[in-house]
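I opened this notebook to record, entry by entry, what I looked up in a structure that was new to me. I wanted to learn how its helices lie against one another and where a few single residues sit.

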Amino acid sequence: MLTQQQFSRLLDIGNAACHAGAVFEARHIFDGLLVFKPESKQALIGKAFSHIVVDDFAEAEGLLKDQVLAKDPGDAEAT
């Protein structure tokens with residue numbers, strides 16, 4: 001079981017990995033977090049970001065529209 005602090009740190013590590021070009025590793029982190037907490041908006045946005053950094057915009061848009069914005073259309077980070 002992860003604490004909220006551990007979950008947040010893993011989100012930060014996943015985002016840092018994307019910035020460093022370790023997209024494959026970042027996706028594994030985000031996927032693991034989504035197994036633990038499937039409704040995590042932050043993990044879904046992180047996974048979408050991992051697609052954006054490699055110009056896979058269609059996949060990122062699908063994740064954001066179908067899984068984040070469908071539940072919260074006004075989410076500023078997802079839009």
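The entries below go from helix to helix and then to single residues.

**Entry 1: the model and helix H3.** I note at the start that this is a predicted model. I began with H3, which covers residues 41–52, and I found that its twelve residues reach 16 Å from the first C-alpha to the last, close to the 16 Å expected at 1.5 Å a residue. I then looked up which residues of H3 are buried, and the list holds Ala43, Leu44, Ile45, Gly46, Lys47, Ala48, Ser50 and His51. What do the buried residues of H3 pack against? They pack against helix H1 (4–19), H2 and helix H4 (57–69), and I took these partners in turn.

**Entry 2: H3 with H2.** I recalled that two packed helices are described by the angle between their axes and the distance between the axes. For H2, residues 23–36, and H3 the angle is about 160° and the axes are 9 Å apart. Angles over 145 degrees count as roughly antiparallel, and H2 and H3 are therefore roughly antiparallel to each other. The crossing of these two helices is left-handed. On the H2 side I listed Val23, Arg27, Phe30, Asp31, Leu33 and Leu34, which meet Ala43, Leu44, Gly46, Lys47, Ser50 and His51 of H3. Sorted by class, this contact of H2 with H3 has six nonpolar, three polar and three charged residues.

**Entry 3: H3 with H4.** Next I looked up H3 and H4, whose axes come within 7 Å and cross at roughly 165°. The cut-off of 145 degrees applies here too, so H3 and H4 are roughly antiparallel to each other. H3 passes H4 in a left-handed crossing. From H3 the residues in this contact are Lys41, Leu44, Ile45, Lys47, Ala48, His51 and Ile52, and from H4 they are Phe57, Glu59, Ala60, Leu63, Leu64, Gln67 and Val68. These residues divide into nine nonpolar, two polar and three charged.

**Entry 4: H3 with H1.** Are H1 and H3 roughly parallel or roughly antiparallel to each other? I found that they pack at an angle of about 10°, with their axes 10 Å apart, and they are therefore roughly parallel. Leu11, Asn15, Cys18 and His19 of H1 meet Gln42, Ala43, Gly46, Phe49 and Ser50 of H3. By class, I noted four nonpolar, five polar and no charged residues in this contact.

**Entry 5: His51 and Phe30.** I then turned to single residues, starting with His51, which lies in helix H3. Is His51 buried or exposed? Its relative accessible area is 8%, and because buried means under 20%, His51 counts as buried. Not counting residues up to four places away in sequence, His51 touches Arg27, Asp56, Glu59, Ala60 and Leu63. Phe30, in helix H2, is buried at 0% relative accessibility. Leaving aside neighbours within four places in sequence, I found Phe30 in contact with Leu11, Gly14, Asn15, Cys18, Ala43, Gly46 and Lys47. I also looked up the C-alpha atoms of Phe30 and Leu10, which are 20 residues apart along the chain and separated by 8.2 Å.

**Entry 6: outside the helices.** In the loop between H3 and H4 I looked at Asp55, which has a positive phi of about 60° although it is not a glycine. Asp55 is exposed, with a relative accessible area of 57%. Asp75, placed in the segment after H4, counts as buried at 8% relative accessibility. Apart from neighbours within four places in sequence, Asp75 is in contact with Lys41, Ile45, Val68 and Leu69.

**Entry 7: Ala16.** My last look-up was Ala16, which lies in helix H1 and counts as partly exposed at 43% relative accessibility. Ala16 and Ala60 are 44 residues apart in sequence, and their C-alpha atoms are 18 Å apart in space.

Conventions. Residues are numbered from 1 along each chain as its sequence is written. This is a predicted model: local features need pLDDT of at least 70, side-chain atom pairs count only at pLDDT 80 or more; totals for chains, interfaces and linings use all residues. Side-chain values use heavy atoms; hydrogens and water are left out. Axes are lines fitted to C-alpha atoms, for helices over the stretch in contact, and angles run from 0 to 180 degrees between N-to-C directions. Helices (H or I, at least four residues) and strands (E, at least two) are DSSP runs, numbered from the N terminus. Angles under 35 degrees count as roughly parallel, over 145 as roughly antiparallel, 65 to 115 as roughly perpendicular and the rest as oblique. A crossing is left-handed if the near helix is turned anticlockwise from the far one by less than a right angle, and right-handed if clockwise. Contact means heavy atoms within 4.5 Å. Ala, Val, Leu, Ile, Met, Phe, Trp, Tyr, Cys and Pro count as nonpolar, Asp, Glu, Lys and Arg as charged, and the others, Gly among them, as polar. The expected span of a helix is 1.5 Å times one less than its number of residues. Buried means under 20% relative accessible area, exposed over 50%, partly exposed in between (1.4 Å probe, protein chains only).
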